[in-house]
Amino acid sequence: MKRKLLGVIDATTYHDDLEDLLTHRSLAALPFAGRYRIIDFVLSNMVNSGIRSVAIFPKMMYRSLMDHLGSGKNWDLNRKRDGLFFFPTPAVDSDSNKIGSFENFAANLDFFYRSSQEYSIITNCYTILNMDFKPLLDWHIHSGCDITEIHHENGTPMEMYLVKTSLLIKLIETRNETGYTCMKDVVLDPDHQHSICRYEYSGYAVMIDSIQKYYSTSLNLLNSDVWNQLFIKEQPILTKVKDEPPTRYLKGSTVQNAMIANGCLINGTVENSIISRGVKIGKGAVIKNCIIMQKCVIEDNCYLDSVILDKDVKVEEGTILTGTSRDPFVVRKGTKQGALMNT
Amino acid sequence: MGKKKCVAMLLAGGKGSRLNSLTKDLAKPAVPFGGKYRIIDFPLSNCANSGIDTVGVLTQYQPLLLNSYIGIGSAWDLDRKDGGVTVLPPYAETSEVKWYTGTASAIYQNLNYLKQYQPEYVLILSGDHIYKMNYESMLEYHIEKRADVTISLIEVPWAEASRFGIMNTNEDLRITEFEEKPAEPKNNLASMGIYIFSWSVLKEYLEMDARNSKSSHDFGKDIIPTLLDENKKLYAYPFKGYWKDVGTVKSLWEANMDLLNDECDLDLFDHDWRIYSVNPNQPPQYISPEAIIKESLINEGCTIEGEIDNSVLFQGVSVGKGSIIKESVIMPDAVIGENVKIEKAIVPSDVIIPDGTVIRSFDDEIILVTEEMLSGLHPAL
């Protein structure tokens, strides 16, 4: 496996429905599960599958993504040879919003020429899963297929493809003649010249493409079946470490059915919620069915039900914020919510 | 090697025998503390936060875990091209293997390490204490006083003063007398085992001490008294704040419980003086619908289905349904079964507590859970 498989993560995707959470960041850098960013899942899957060279293709607003990934050290990808590569898409106004856009790859063809890995796996950046790609590679090699597309067992294509690196290079080089703009085009073309196979994945996998999906998938983490499929000791999801102290539960706090990251100070009540790193929850505050992102401050006696607070939101004393399970109330990054504001 | 103004030497070879089975396989500085740290994180983080980027760590007793924990020092931002952290174990010379026989001999045998940085000052630290301290301020004080040696002192309760090395000073805080564990202390200022030496003085006196066959090669017992006898300028640097020697099971337990007390001066949440440690990178803690958490400190990777009351839980601990953990410290990856009751105890790393176990002391002693105890031989069960 060591030098056999190249990882390619397409991080150019943007979903309009997630706009409120994507004003400052790319989808790949969307916080998830209290301490992760969405991209941590596929990236960790790759590393845990023995992939030692990963190329990430982001587009626009990649500051938070770059800050998160750094040198790749937390994924053990700060290597002398191979490691983590970051290829921001040069044509900013290119409208190719498709997974595995050949236009984006073409701008960095040299990277593919230089890579020694015989096979490449191309994935999207926004699927929550913990998958071992080793059996997939074995399956692909044995099947003799040119292109393997991963499908979820419920039939949905997962926008993940395995090909020989040489074929990928050929597809990129001939994109103008063939008219193929991305991997999906190849797979969907009824007249394609390649043998295409489907690999069925039966584990937990959710693609985050809307606020509703983000919200329900987050709260589903509280279900131990889901939890156990995503957080596996031998296949850890790796992320940027933050040196936060353990979370402190103070007098008067009540916490039930919750996932809580480090560095929090909890004085109030938390039920059925996901609390990220470094969140402060004041006395008498009640947090129900919420996703609270990093470093939010919720002052005393607030009441929040079905709310998503983006990073660094301050909710002032006595504020009431409510959404519904179908339509959670979303508060944008770095804003302030006061008791007298019109919500 | 570049010249360094100040190099730190961290004595981390201590056995900590009063911590009993906790230090059977690891040196005292590697003992877990505070839900995610090891004791040595405190002096190393203090160095990093004080701008000291060159630290020699002297190891001797059970160094395996300590060595791998320190690694190249990246957790404390001490992986540097020039300087950084260097682990310094005892070594063999042509004639013999020289173990570190005392704190002074440990530094003496590494004078070559220090020489390569041509330091002006050497900061000597111990890896046994929990505290946050700005060594840079202490160095400024040392320079201002034109001292040969500056010793950091902390006020201890008068009743306990006879357990410590006590310093008597004049009004200018110049040390006039040092008494190791005096029966009738004249002062309650105790040495914290933190020294700043001007390099030339350190070198001269260590070399002199090494030639003295009657010396026990200890800073407190030999070097400091000799310096005082020879009228060198030794100054006291009074430290205010939290400082605790976690040398016994009871004091280790107390120091952990201190973290649950609002009055405690040791603030782990201060972003301006972070305590760094090797992060285990585990998922957030999961608190089940049945769980009850009261005034506790809980780290990532824990799964809690029982009741946690005034306790400190390290990473990766799981607590089963119906279990009650009260005033206890549960170290990394311990597995607590269902309907277990634990009160006033320390449960070491990786220990598995079977369903229905009750661990409670009948006097006020703190119980250190051991494998032998769990095989049913101990009266506490």
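Mentor: Before we look at this predicted model, keep one cut-off in mind: a residue is called exposed when its relative accessible area is over 50%, buried when that value is under 20%, and partly exposed in between.

Trainee: Why is Lys181(B) called exposed?

Mentor: The relative accessible area of Lys181(B) is 54%, and exposed means over 50%, so Lys181(B) is counted as exposed. Lys181(B) sits in the loop that runs between strand 12 (175-180) and strand 13 (189-198) of chain B.

Trainee: What is the phi of Lys181(B), a residue other than glycine?

Mentor: Phi of Lys181(B) is positive, near 45 degrees. Most residues other than glycine have a negative phi.

Trainee: What makes Asn301(A) partly exposed?

Mentor: The relative accessible area of Asn301(A) is 47%, and because a value that is neither under 20% nor over 50% counts as partly exposed, that is the word used for Asn301(A). This residue belongs to the loop between strand 19 (297-298) and strand 20 (303-305) of chain A, and although Asn301(A) is not a glycine, its phi is positive, at about 60 degrees.

Trainee: How do you know that Pro348(B) is buried?

Mentor: Buried requires a relative accessible area under 20%, and Pro348(B) has 14%, so the word buried applies to Pro348(B). Pro348(B) is itself a loop residue, placed between strand 27 and strand 28 (352-353) of chain B.

Trainee: Which residues is Pro348(B) in contact with, leaving aside its neighbours within four places in sequence?

Mentor: Contact asks for heavy atoms within 4.5 Å, and by that test Pro348(B) is in contact with Leu22(B), Met331(B), Ala334(B), Leu368(B) and Val369(B), once neighbours within four places in sequence are set aside. In addition, the C-alpha atoms of Pro348(B) and Pro32(B) are 8.8 Å apart in space, while the two residues are 316 residues apart in sequence.

Trainee: What makes helix 8 of chain B mostly covered?

Mentor: Of the 10 residues in helix 8 (residues 249-258) of chain B, seven are buried, namely Val249(B), Ser251(B), Leu252(B), Trp253(B), Ala255(B), Asn256(B) and Met257(B). The buried residues of this helix pack against several strands of chain B, including strand 2 (32-33), strand 15 (243-245) and strand 27 (345-347).

Trainee: Which residues of helix 9 of chain A are buried?

Mentor: In helix 9 (residues 211-220) of chain A, the buried residues are Ile211(A), Tyr214(A), Tyr215(A), Thr217(A), Ser218(A) and Leu219(A). Among the strands of chain A that these buried residues pack against are strand 11 (205-207), strand 15 (269-275) and strand 24 (329-331).

Trainee: Let us turn to whole chains. How many helices and strands does chain A have?

Mentor: Chain A has 10 helices and 25 strands. The radius of gyration of chain A is 21 Å, and the globule rule gives 20 Å for 343 residues, so chain A is as compact as a globular protein of that length. Buried residues account for 59% of the 343 residues in chain A.

Trainee: Why does the radius of gyration of chain B agree with that of a compact globule?

Mentor: A compact globule with 381 residues would have a radius of gyration near 21 Å, and chain B has 22 Å, so the two values agree. Chain B contains nine helices and 30 strands, and 57% of the 381 residues of chain B count as buried. As for its contacts, among those that join residues at least 6 apart in sequence, 57% are between residues at least 24 apart.

Trainee: How many residues of chain B are in contact with chain A?

Mentor: There are 35 residues of chain B in contact with 37 residues of chain A. The area buried between chain B and chain A is about 3000 Å², with 49% of that area given by carbon and sulfur atoms. Of the area that chain B buries against chain A, 23% is supplied by Phe269(B), Asn281(B) and Pro284(B), which is more than any other three residues supply.

Trainee: How far apart are the centres of the positive and negative side chains of chain B?

Mentor: The centres of the two sets, 36 positive and 55 negative side chains, lie 5 Å apart in chain B. In chain A, the mean positions of the 38 positive and 40 negative charges are 9 Å apart.

Technical notes
Residues are numbered from 1 along each chain as its sequence is written. Chains are lettered from A and ligands numbered from 1 in the order in which they are written. This is a predicted model: local features need pLDDT of at least 70, side-chain atom pairs count only at pLDDT 80 or more; totals for chains, interfaces and linings use all residues. Side-chain values use heavy atoms; hydrogens and water are left out. Helices (H or I, at least four residues) and strands (E, at least two) are DSSP runs, numbered from the N terminus. The radius of gyration is taken over C-alpha atoms; the globule rule is 2.2 Å times the number of residues to the power 0.38. Buried means under 20% relative accessible area, exposed over 50%, partly exposed in between (1.4 Å probe, protein chains only). Lys and Arg count as positive and Asp and Glu as negative; His and the chain ends are not counted. The place of a charge is taken as NZ of Lys, CZ of Arg, CG of Asp or CD of Glu. Buried area is the accessible area (1.4 Å probe) that two parts lose on being put together, summed over both.
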